[in-house]
Amino acid sequence: MRARAGRAVSEEATVRSIWRGAVSFGLVSIAVKLYSATEDHDVKFHQVHATDGGRVKYRRVCSVDGEEIEYRDIAKGYELPDGQLVVLTDADMDELPLGSKHEIEVLQFVDQSEIDPVHFEKTYYLEPEGTATRPYVLLRSALENAGQVAITKIAIRQRESLAALRVRDGVLVLHTMRWPDEIRAPEFGFLDEDVTAKPAELAMAESLISTMSGTFDPTAFTDDYKEAMAALLEAKQAGGDVVRPEESAEDEDDGSVVDLMSALRRSVEKAGKKPAADDGADASAEEAPAERAPAKKAPAKKAAAKKAAPAKKAPAKKAPAEKAAASKSA
């Protein structure tokens, strides 16, 4: 099991780590890299125009002057109660003290049953980096033997979070957690009502639970919606119900793709020559390179001279006959 988990993490590791730092465990520092433990397999869609399939694009536009804003010119703004804004730049954010920016500090060890799952947010794998394998295994073994999880702090993308560090299939797994003030209290009216279940109904419900009890196997469950969506897309494609949207002016000519014939015709017109209307694109295509590279006309002139040469050589052969006639008359 551990070998399979190690291979899975290695495959994930070849993709991209999202954080690098160290786990601080007492006086021991363990260099690690952080990888997302989950991935999204939902069917991806683009927003398109229903009539022609054209992509719907969004631009960053300033609400004051209407100008489109470059990403580098965007800052963070905190709105005050009176409507004013406090603007923070990247330089301001970098100056904030964030002690857990490159460190996962172990704060406490607790039983996992003490942590309500409502606190869990995202899950990550930790991989030892460089020569940190031995202390990594040390922490993993200590957590397994104690049967506990470590409560830590970590900062990812300028956001500090609590996190639970535990062992899964021989790998250290980190669950980022919500802060207590981020957990909403369930304020529902029925909680104040005095409602109790009847003993017979409760016994029947408990019997049903016992009948349906089993060992959790996530592979036994399927995403029916995703499978139905995949079947729908396949049927649409097989039936020819697809759209090939026309390329917009922005997409088809971005400076690197040029319509050759149009460019040739424009070159000819710019040079003051009128391209042939019916004799074809070949004629204008031959003329245009001559306009672009005048030095290359010489081979064409030589070829023309060679073709004309045989016509001029034929009369030249009559010269001996004229000389013979002249000698006879003499």
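Here, "partly exposed" means a relative accessible area between the buried cut-off of under 20% and the exposed cut-off of over 50%. By that yardstick D169, at 31% relative accessibility, is partly exposed. Keep in mind that this is a predicted model.

**Charged pairs**

Let's stay with D169 for a moment. Its side chain meets that of R168 in a salt bridge, 3.8 Å from N to O. R168 is partly exposed too, with a relative accessible area of 39%. How many salt bridges does a search of the whole structure find? The count is eight. Side chains of opposite charge can pair when their charged atoms come close.

Here are three of the pairs, with their N to O distances:

| Salt bridge | Distance, N to O |
|---|---|
| E68 and R59 | 3.7 Å |
| E121 and R159 | 3.4 Å |
| R168 and D169 | 3.8 Å |

Take E68 and R59. E68 counts as exposed because its relative accessibility, 51%, falls in the class defined as over 50%. Its partner R59 has 47% relative accessibility and counts as partly exposed.

Now for E121 and R159, whose side chains form a salt bridge at 3.4 Å. E121 sits in strand 6 and R159 in strand 8, so this pair ties together parts that are 38 residues apart in sequence. Both ends are partly exposed: E121 has a relative accessible area of 33%, and R159 comes in at 31%. The pair doesn't stand alone, either: salt bridges with shared partners join E121, R159, R178 and E182 into one network.

**A negative patch**

Some acidic residues group together on the surface. Which residues form the negative surface patch? They are D42, D223, D224 and E227. To find D42, look in the loop between strand 2 (28-36) and strand 3 (76-79). D42 has a relative accessible area of 46%, so it is classed as partly exposed.

**The nonpolar core**

Turning inward, the largest nonpolar core has 24 residues, and V23 and L126 are the ones that touch the most other members. Several elements give two or more residues to this core, including strand 1 (19-25), strand 2, strand 5 (103-110) and strand 6 (120-128). Helix 3 (133-146) is also on that list, along with strand 7 (149-156), strand 8 (159-168) and strand 9 (171-177). Which element provides the largest share? That's strand 9, with four residues.

Note on methods. Residues are numbered from 1 along each chain as its sequence is written. This is a predicted model: local features need pLDDT of at least 70, side-chain atom pairs count only at pLDDT 80 or more; totals for chains, interfaces and linings use all residues. Side-chain values use heavy atoms; hydrogens and water are left out. Patches are made of residues with over 30% relative accessible area and no salt bridge: like charges are joined within 9 Å, nonpolar side chains (Val, Leu, Ile, Met, Phe, Trp, Tyr) within 5 Å. Accessible areas come from the Shrake-Rupley method with a 1.4 Å probe; for residues, only the protein chains shown count as cover. A salt bridge is a side-chain nitrogen of Lys or Arg within 4 Å of a carboxyl oxygen of Asp or Glu. Lys and Arg count as positive and Asp and Glu as negative; His and the chain ends are not counted. The place of a charge is taken as NZ of Lys, CZ of Arg, CG of Asp or CD of Glu. Buried means under 20% relative accessible area, exposed over 50%, partly exposed in between (1.4 Å probe, protein chains only). A nonpolar core is a set of buried Ala, Val, Leu, Ile, Met, Phe, Trp, Tyr and Cys residues joined through side-chain atoms within 4.5 Å.
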